[in-house]
Amino acid sequence: AAPAESAGVPVIISTTLEDAALRLTNFDLDEAGLRGVIARLNPDKADAITRMYLDANLEKPPYLAQAQAITDSGARRNAIIQGERRAALGAAPTWMYIWAWPTPAFDGKFGAVHGHDVDASFHIVRSNMVGSGRAEGHLMADRLASAWVAFAKTGDPNNPVIPHWPPYEPGARSTMIFDANTRVENDPRRAFRELWA
């Protein structure tokens, strides 16, 4: 939702790439199992959708493709709807991000799981979710925490540690992608957004 009462309040809306992995334990999921999961989400196009997720995740196991599909069809779809509705109000800006940097914890099997960005946002670099003090985790925490500090101070997350981050508008759909190559993408994951819209 985008209630009128908060139209004048700047907001950051976020999701993690494999958000749904938090509640999934079928780590040995195979391609057929992924198709079964997709069939529960969209039985009419299960084969095509399964192929889309497998093709987009050639370096990842079906378990993480499953987490992305569940996230895209639920939490991320809702986050995008909220961003669109807030932008339509034409009031305070909204920024959107996807935390795509996978946690190194548990040998990386959870990917960029739900809540994984919280430790980074508070710059808790010793957390195993952020890499137990390793350089890349420290860099990711620097990037995300600097955005949140800037946002808390000014209502705008832009700062010298990250690339310029435009507010979310339905035309461009500018979204910060926090990963090893932190960057802004316009309408990231567009095919998946359109699929679940």
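**Surface patch**

I took a patch to be made of residues with over 30% relative accessible area and no salt bridge, nonpolar side chains being joined within 5 Å. With that rule in hand I turned to this model, which is predicted, and found that Val118, Phe122 and Ile124 make a nonpolar surface patch of about 300 Å². I then looked up where isoleucine 124 sits, and placed it in the loop between helix H5 (116-121) and helix H6 (135-154). Its relative accessible area is 40%, so I noted isoleucine 124 as partly exposed.

**Positive phi outside glycine**

Next I went through the backbone angles and stopped at aspartate 107, which is not a glycine and yet has a positive phi of about 60 degrees. I located aspartate 107 in the loop between strand E2 (94-99) and H5, and I recorded this residue as exposed because its relative accessibility is 82%, where the cut-off for exposed is over 50%.

Serine 132 was another entry under this heading, since its phi, near 50 degrees, is positive in a residue other than glycine. I found serine 132 in the loop between H5 and H6, and with 46% relative accessibility it counts as partly exposed.

**Helices H1 and H2**

For packed helices I looked up two values, because such a pair is described by the angle between the axes and the distance between the axes. The axes of helix H1 (residues 31-41) and helix H2 (residues 46-56) cross at roughly 120 degrees and come within 9 Å. That angle makes H1 oblique to H2, and I noted the crossing of H1 and H2 as right-handed.

**Salt bridges**

I then counted salt bridges, taking a side-chain nitrogen of Lys or Arg within 4 Å of a carboxyl oxygen of Asp or Glu as the rule, and the count came to 13.

Which residues does aspartate 72 pair with? I found a salt bridge between the side chains of aspartate 72 and arginine 76, at 2.7 Å from N to O, and another between aspartate 72 and arginine 189, whose closest N and O atoms are 2.6 Å apart. Aspartate 72 lies in helix H3 (residues 62-73) and arginine 189 in the loop between strand E4 (183-186) and helix H7 (190-196), so I wrote down that this pair ties together parts 117 residues apart in sequence.

I also asked myself whether aspartate 72 and arginine 76 are buried or exposed. Aspartate 72 counts as buried because its relative accessibility is 5%, and arginine 76, at 6% relative accessibility, counts as buried too.

Further along the chain I looked at arginine 193 and aspartate 187, whose side chains meet in a salt bridge of 2.7 Å, N to O. Both arginine 193 and aspartate 187 are buried. I followed the contacts outward from this pair and found a network of salt bridges that links Asp187, Arg190, Arg193 and Glu194.

**Asparagine 159**

My last entry concerns asparagine 159, which I placed in the loop between H6 and strand E3 (174-178). Is asparagine 159 buried or exposed? Its relative accessible area is 16%, so I recorded asparagine 159 as buried, the cut-off for that class being under 20%. I also looked up its separation from valine 149, 10 residues apart from asparagine 159 along the chain, and the C-alpha atoms of the two are separated by 9.2 Å.

Technical notes:
Residues are numbered from 1 along each chain as its sequence is written. This is a predicted model: local features need pLDDT of at least 70, side-chain atom pairs count only at pLDDT 80 or more; totals for chains, interfaces and linings use all residues. Side-chain values use heavy atoms; hydrogens and water are left out. Patches are made of residues with over 30% relative accessible area and no salt bridge: like charges are joined within 9 Å, nonpolar side chains (Val, Leu, Ile, Met, Phe, Trp, Tyr) within 5 Å. Accessible areas come from the Shrake-Rupley method with a 1.4 Å probe; for residues, only the protein chains shown count as cover. Helices (H or I, at least four residues) and strands (E, at least two) are DSSP runs, numbered from the N terminus. Buried means under 20% relative accessible area, exposed over 50%, partly exposed in between (1.4 Å probe, protein chains only). Axes are lines fitted to C-alpha atoms, for helices over the stretch in contact, and angles run from 0 to 180 degrees between N-to-C directions. Angles under 35 degrees count as roughly parallel, over 145 as roughly antiparallel, 65 to 115 as roughly perpendicular and the rest as oblique. A crossing is left-handed if the near helix is turned anticlockwise from the far one by less than a right angle, and right-handed if clockwise.
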